Amino acid sequence: MIDKIGVQLYTIREFMTTADDIRESFKKLKAMGIEQGQTAGCAIPYEEFGQIAREEGFEIVGTHDNFQMMVDDFDQAWKNHQALGTKLMGIGGFYSETAQDTKDIIAKANIVGEKAAKLGGKFTYHHHSHEFLRFEDGSYAMDLLVEGLNPETTSFVVDTYWLQHAGADVRQWISKLSGRIDILHLKDMGRGPEGPFITEVGNGNINFIGAVEEAVKAGVKYYVIEQDSCPGDPFESLKKSADYIQKNLMK
């Protein structure tokens, strides 16, 4: 099912602030079987970050990066992504107050995506659950994004937790976006007295076996663990997630 495990490096953001920390973090991730990553910004120059990743045999498969730079200075944004070794340039989401806000973002994203596609890349959009809030005109941001983003030049970073948090059907949405998902975020949802919370993959209630079966059919390229908050050491949480994935979701 899954060939390789990745991680959204936001999970270990406190350990990604210096070159030495970044190198040591890559070593720890590789030791637990995680060999791909998606950035959430870079605390050091992109060229240095990419060089460390290559030296440690760690593949950068996508980003959550500066959307305004992509819009205002695409050439520099693309250069930064080339330094990292990825052609998937993306954002971690956008909060829209109105349907028009969403349409404005779609228009800008399609321009970025068109420029990236000419160079063999894509623009990627990572959603949360707020894209499923209904606007005053009755529309949903997620539907507008699906309808408006060019499937030839853009793709979605689908997040299992945020789909379930929105009350959406995880498998149905993965199927709906078949062919338009380059990266799938594997993020589990637990349920406590105060409500849902993000937890290690396999420690919550999401049907990952079913979700990954659907993702394989949908052509997902990269499977990336993301845990926005951890109860303790994030590396320990990632090890639990990686162990579950290796036991239950890998070929």
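Select Met69 to begin: in this predicted model, the residue is partly exposed, at 27% relative accessibility. Met69 belongs to helix α3, which covers residues 67-72. Display the neighbours of Met69 beyond four places in sequence, and the contacts are Phe74, Gln76, Ala77 and Asn80.

**Helix α4 and its cover**

Proceed to helix α4, residues 74-84. Colour Phe74, Ala77, Trp78, Asn80, His81, Ala83 and Leu84, which are the buried residues of this helix. Two of the helices that contribute to their cover are α3 and α2; the covering elements also include α5 (99-117) and the strands β2 (34-40), β3 (59-64) and β4 (88-91). Just past the end of α4, select Gly85, where phi is positive, at about 90 degrees.

**The α2 and α4 pair**

Now add helix α2, residues 46-55, to the view. The axes of α2 and α4 lie 7 Å apart and form an angle of about 20 degrees. Angles under 35 degrees count as roughly parallel, and α2 and α4 are therefore described as roughly parallel to each other. To see the contact, show Tyr46, Glu47, Phe49, Gly50 and Arg54 on the α2 side, and Lys79, Asn80, Ala83 and Leu84 on the α4 side. Among these, Asn80, Ala83 and Leu84 are also listed as buried residues of α4.

**From α2 to α1**

Stay with α2 and select Glu55, whose side chain forms a salt bridge with that of Arg23, at 2.8 Å from N to O. Arg23 lies in helix α1 (residues 19-31) and Glu55 in α2, so this pair links parts that are 32 residues apart in sequence. Both partners are partly exposed: Arg23 has a relative accessible area of 26%, and Glu55 stands at 46%.

**A buried pair in the strands**

Which salt bridge joins Asp159 to its partner? Select Asp159 and Lys187, whose side chains meet at 2.9 Å, N to O. Asp159 is in strand β6 (residues 154-159), while Lys187 occupies the loop between β7 (181-186) and β8 (188-192), so the bridge ties together parts 28 residues apart in sequence. Asp159 is buried, with a relative accessible area of 0%, and Lys187 is likewise buried, at 0%.

**Helix α9**

Move next to helix α9, residues 208-218. Select Lys217 and Glu214, which form a salt bridge of 3.6 Å, N to O. These two residues are three positions apart in α9, and about one helical turn separates them. Lys217 is exposed, with a relative accessible area of 60%, whereas Glu214 is buried, at 13%. For a contrasting arrangement, return to Arg23 and Glu55 and add Lys27 and Glu56: salt bridges with shared partners join these four residues into one network. Across the whole structure there are 13 salt bridges.

**A nonpolar surface patch**

For the last stop, select Ile209, another residue of helix α9. Ile209 is partly exposed, at 38% relative accessibility. Add Met1 and Val216 to the selection and switch to a surface display: with Ile209, they form a nonpolar patch on the surface. Together, the three residues have about 220 Å² of accessible area.

Methods: Residues are numbered from 1 along each chain as its sequence is written. This is a predicted model: local features need pLDDT of at least 70, side-chain atom pairs count only at pLDDT 80 or more; totals for chains, interfaces and linings use all residues. Side-chain values use heavy atoms; hydrogens and water are left out. Patches are made of residues with over 30% relative accessible area and no salt bridge: like charges are joined within 9 Å, nonpolar side chains (Val, Leu, Ile, Met, Phe, Trp, Tyr) within 5 Å. Accessible areas come from the Shrake-Rupley method with a 1.4 Å probe; for residues, only the protein chains shown count as cover. Helices (H or I, at least four residues) and strands (E, at least two) are DSSP runs, numbered from the N terminus. Buried means under 20% relative accessible area, exposed over 50%, partly exposed in between (1.4 Å probe, protein chains only). Axes are lines fitted to C-alpha atoms, for helices over the stretch in contact, and angles run from 0 to 180 degrees between N-to-C directions. Angles under 35 degrees count as roughly parallel, over 145 as roughly antiparallel, 65 to 115 as roughly perpendicular and the rest as oblique. Contact means heavy atoms within 4.5 Å.
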